[in-house]
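Hi everyone, thanks for coming. Let me put the structure up, and then I'll talk you through it.

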Amino acid sequence: MNTPDIDSAVLQRNARPDPGTVWTRRSFLHRSLLKGTAGAAAYGFLPLINTLDLAYGQAGQSFRFAWVSDTHLYPKDVNTRFVEKAVRAFKEVQAMNPPADFLIFGGDLAQLGDPVELRLGADLLNEVKIKKVFIPGEHDWYLDMGAIWNKTFGATPWTFDHKGVRIIGLDTVSHAPDFWTSRKYSAKERMGHMSILDGTLGGAWSAVGEKQLRYLSSTLSNWPKDQPVIIFTHTPLYEYYPAWNFWVRDWKAVQELLAPWTNVTNVHGHVHQPLYNEIGKLRSIGMLATSWPWPYAPDGVPTLTRPMLRADPGDHFDGVGWGSESVNANGKVDTEYKMWRKTVFGDNDWDSGTGDNRNQVLSPRIADRL
Ligand SMILES: [Fe+2]
Ligand SMILES: [Fe+2]
């Protein structure tokens with residue numbers, strides 16, 4: 001797909017998201033949503049380590065949704081620490097007041113795609129009574145190639161419109177090159193190889209794929225170019241760190257396709273860390289996991305991101321959590337990272353969000369380095 005047209009669409013070196021967009025990022029503390037429970041007593045404050053405000057120009061209506069992902073549940077007889085954290089997140093989502101309009105579960109519900117893990121996750125999700133939508137992670141998929149996932153949580157991709165925003169869920173995990181058949185691997189061996197961070201055998205497994213590119217193109221074809229679009233994916237739609245599949249390998253085709261829309265926000269999981277980045281007119285927000293924090297990649301951390309303070313290794317609730325997005329009637333969106341941290345060791349009024357045009361240097365893309 002290396003045509004000059006694609007290059008000119010993707011290599012928009014000076015392109016930025018909708019110029020009406022204003023971002024600020026603040027750090028502060030707020031009280032747990034859960035009052036009087038054991039969890040809240042132990043972790044009395046939920047620091048919102050970053051609040052991201054962006055103007056959505058013509059959104060006009062307010063709503064809030066919650067994001068939970070990367071719970072990585074093991075069966076309860078193996079351990080319960082990941083279960084405890086998933087339970088806590090779902091309780092807090094259910095306790096949101098006013099309630100969120102919907103919950104997006106962003107993938108990696110299970111650790112090894114085990115039916116026991118997926119059933120446990122489905123049971124825990126029953127705690128959340130609001131509307132729920134789902135996209136898969138690689139840990140949910142590679143034992144049975146998505147059979148239980150699709151049966152339990154429905155197929156991806158999907159689209160719905162909510163109060164002036166077109167919302168799209170994509171599956172970026174089911175496109176691994178077949179490394180298992182010729183090696184005669186069992187389903188468990190295949191899943192095992194897909195569950196490790198560097199993905200040596202799985203290779204560049206993360207992609208949107210031709211079929212979903214066509215879907216994306218058709219579902220956006222009747223959507224005005226300046227109207228807000230939110231795309232949920234497990235892996236980021238840009239090339240943050242390919243060695244860990246912190247990307248989609250067809251990012252170039254994705255970004256070319258999305259280039260005409262000026263107000264596209266990709267919210268993703270998989271990286272288990274707060275991230276913010278802009279690639280041309282596309283902005284991407286990486287969300288917390290409830291399970292564990294991954295380290296920041298050794299290369300390619302977007303300049304716009306302020307890495308979270310390192311997690312306390314003695315506290316398995318530290319460095320993890322969930323998030324919510326509030327789309328306000330005045331056209332702003334707050335991204336709130338609800339990190340379960342007892343003590344904040346440092347604070348910052350703001351960092352180099354996009355409001356800081358004086359000093360800001362956008363992250364170079366792979367395309368810009370070519
Ligand atoms: Fe994950
Ligand atoms: Fe993942």
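I'll start with the metal site and then turn to the aromatic rings.

Some housekeeping: this is a predicted model, where local features need pLDDT of at least 70, side-chain atom pairs count only at pLDDT 80 or more, and totals for chains, interfaces and linings use all residues. Residues are numbered from 1 along each chain as its sequence is written, chains are lettered from A and ligands numbered from 1 in the order in which they are written, and side-chain values use heavy atoms, with hydrogens and water left out.

Which residues hold the iron ion (ligand 2)? Its protein donors are Asp-108 (OD), Glu-138 (OE, listed twice), His-234 (NE2) and His-270 (ND1), at 2.1 to 2.6 Å. Donors here are N, O and S atoms within 2.8 Å of the metal (3.2 Å for Na, K and Ca); water is not among the atoms, so sites may look incomplete. Asp-108 also bridges to the iron ion (ligand 1), with the two ions 3.5 Å apart.

Both Asp-108, at 1% relative accessibility, and His-234, at 0%, are buried (under 20% relative accessible area; exposed is over 50%, partly exposed in between; 1.4 Å probe, protein chains only).

On to the rings: there are 22 aromatic pairs, meaning Phe, Tyr or Trp (six-membered ring) centres within 6.5 Å, with planes under 30 degrees apart stacked, over 60 edge-to-face and the rest tilted. Trp-292 and Trp-294 make an edge-to-face one, 5.5 Å between centres and 80 degrees between planes, and both are buried.
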